[in-house]
Amino acid sequence: MSKLRVYQLAKDLGISSKEVIEKLTEFGVEVANHMSALEEDEANIIIELYGVEDKKEKSTNHKGTDKSNHEANVENLKETIQQGGVSSEENHKLILIPETLTVKDLAEKIGKSVSEVMGKLIALGIFATINQEVDFDTAELICTDFGIAIEKEEVKEELEIGLVQEEDKPEDLKMRPPVITVMGHVDHGKTSLLDAIRNTNVTSREAGGITQHIGASEVEVHGNKIVFLDTPGHEAFTSMRARGASITDIAILVVAADDGVMPQTKEAINHAKAANVPIIVAMNKIDKPEVNPDRVKQELSDHGILIEEWGGDTILVPVSAKTGEGVETLLEMIILAAEMLELKANPKRFATGTVIEAKLDKGRGPVATILVQNGTLKVGDSVVAGASYGRIRAMINDKGKQIKKAGPSTAVEILGLSDAPEAGDLFHAVKEDKIARQIVEKRKVKEREENLNASAKVTLEDLFKHIQEGSVKELNIIVKADVQGSVEAVKQSLVKLSNEEVKVKMIHGGVGAITESDIKLASASNAIIIGFNVRPSTAVENLAERENIDLRTYRIIYEAIADVEAAMKGMLDPVYKEVVLGKTEIRATFKVPGIGTIGGAYVLNGKITRNAKVRLIRDGIVIHEGEMSSLKRFKDDAKEVAAGYECGVGIANYNDLKEGDIVEAFIIEEVKRV
């Protein structure tokens, strides 16, 4: 049905909007304001009313005259409504306007000068600069004053040239292996269960025994291949688990028989349900004496997971990752569930899939772990993944072997990308490098346009004082980590800390060491830098001190979260503080029988003491943290070695020293409470 706004009707009838609203109210038509849209019959009430009044007036004052101009206006207005609420004069001026645009762009679109448009904005009480954006509603008010009809431009998703995907022919579709995500609460035995399945030992290599990155591995069971994604169970990694659930076919929900359903178990259930993924429950740790299976089943049913034994459709398998009991049954259930799903893909097309993980490697450059979901990926293919592109130089499977091609449901590491993509980015194989480069250049331009913002300078120590003074409304944070998945997890966790008084805002997140450009960005935007599993170089630390930037590094994610949360609540009161004594560079390595590898080193700054703790840094990434086993000057033991001197350094229970490594010596000091 055609509609007309109140002010348009008032303008065409030559009366005030207030008068129209009053008359409509008399007739029982409720109108909010002059911008309200009227139905055809509502508008006709006023038109007819003023048409009759006008006829009476004209018959007494202008007898014998022709139809008045006002009557003509009334007739034209009726026609306008019937034609769709836009007069024929305005019809040819119909202009499409986006959701938001700058004052300058609006002026250009409607063919008016910037000063005229700004004059209209001032009349509306809006004081905008030439480059300030206005929304569609404001633009519509201005345009109607000029007698110009506008419509909101529909934003159509742009199909990128080279990424147009053809439909798969039914005859080309082949059965593919299932992709399984292992989800559940922290320390319920997800990684241990995977260890039992693939006979590896991942847990011992993880900081604090907590999985901090997404891993992918392939297992063959009775001739059937299964791809496993291991997602972290700590609540900070909600976003990573969500990403895991979105690319998986079946979710294995690991619940400890002695612990039951916990907060992250609930989150895992919600992610799997949101992704519409079937769930198989693995009730782990049944070898323990204090288990209570019925309690676990009851708690699962309370959260919408009703097992088959209780009349539901969810499979529950009691397992023990420690003894291996039930693992074979679990694998059989996975294969059975996969057969029911009839998973198919087309291996004959260009490959598409998802980036599971990405990192920067000193020797190999950007390395991305990807899951091929459709098509076949080959060495030499040109690919686009988010804002990075390249030609695949090599593909490595989960066993560490180089392969030439990867079909559907295959997880591989790829080398050859221009940059580390974001975890969760879609990747596409394209015909040639030129197309890949063009697509990425367009994406980067878009990204640059969206990334411009800054706010108040602050440190975690004085954050609460700034909040109380009302000077801080936003806490800007830059996150740098060793892998992309950790960046996403830290960002998501910190943003959740926002409250009514202060909003936590992530202005940048990236993979690799903290660089000078990060310090400059933090200085320009008054941000705090949080490093997770990465360390800054001496030059970067010095620059941070000069620029007065709060730069903090962490090894465990919830320590970073706890610090920021405590600072926001005004409770930041550290008990211990890490003091870096000095840094030394490994310039040669020597293998000593019965002792191991010793590094011939040069002390770059500060001093190295024998009783200090040390961390080994390779290309800005923390490789190892431990104790110093020996410190020598020539053949003699030394208590400490100062900057500018050479020494021999040994790290306890660690021999993987390489030339160019940085050994950082530090001690933990107790900070007196104020």
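A β-α-β crossover is right-handed if, with the strands pointing away from the viewer, the path from the first strand over the helix to the second runs clockwise. Keep that in mind for the second stop.

**Before you start**

You have a predicted model open, in which local features need pLDDT of at least 70, side-chain atom pairs count only at pLDDT 80 or more, and totals for chains, interfaces and linings use all residues. Residues are numbered from 1 along each chain as its sequence is written, and side-chain values use heavy atoms, with hydrogens and water left out.

Show the whole protein as a cartoon: it has 19 helices and 35 strands. Helices (H or I, at least four residues) and strands (E, at least two) are DSSP runs, numbered from the N terminus. Of the 674 residues, 47% are buried, where buried means under 20% relative accessible area, exposed over 50% and partly exposed in between, with a 1.4 Å probe and protein chains only. Take the contacts (heavy atoms within 4.5 Å) between residues at least 6 apart in sequence: 70% of them join residues at least 24 apart.

**Stop 1: strand β12**

Select residues 279-284, strand β12. Six of its six residues are buried, so the strand is largely enclosed by the rest of the structure. Show the side chains and look at each face in turn. Ile-279, Val-281 and Met-283 lie on one side, with Ile-280, Ala-282 and Asn-284 on the other, and all are buried.

**Stop 2: the neighbours of β12**

Two strands pair if DSSP finds at least two bridges between them. Add residues 250-256, strand β11, which runs parallel to β12 and is joined to it by six bridges. To find your place, look for Leu-253, which stands opposite Val-281. Now add strand β13, residues 315-318, which pairs with β12 in the parallel sense over four bridges. Here Met-283 faces Pro-318.

Next, select residues 293-302, helix α12. Together, β12, α12 and β13 make a right-handed β-α-β unit. Turn the strands to point away from you and trace the clockwise path from the first strand over the helix to the second.

**Stop 3: the hairpin of β28 and β29**

Move to residues 576-592 (β28) and 596-609 (β29), an antiparallel pair with ten bridges. Glu-585 and Tyr-602 stand opposite each other. The two strands form a hairpin with three residues between them, and Gly-594 in the turn has a positive phi of about 80 degrees.

Strand β29 has further antiparallel partners to select. With β34 (residues 646-651) it pairs over four bridges, and Gly-599 stands opposite Val-649 there. With β33 (residues 640-642) β29 pairs over three bridges, and Thr-609 stands opposite Glu-640.

**Stop 4: helix α8 and its partner α1**

Select residues 136-145, helix α8, where seven of the ten residues are buried. Which ones are they? Colour Phe-136, Thr-138, Ala-139, Glu-140, Ile-142, Cys-143 and Thr-144. Just after the helix, Gly-147 takes a positive phi of about 75 degrees.

Finally, add helix α1, residues 6-13. The axes of α1 and α8 come within 11 Å and cross at roughly 5 degrees. These axes are lines fitted to C-alpha atoms, for helices over the stretch in contact, and angles run from 0 to 180 degrees between N-to-C directions. The crossing makes α1 roughly parallel to α8, a term for angles under 35 degrees. Show Tyr-7, Gln-8 and Lys-11 of α1 together with Glu-140, Thr-144 and Asp-145 of α8, the residues that make the contact.

Conventions. Parallel < 35°, antiparallel > 145°, perpendicular 65-115°, else oblique.
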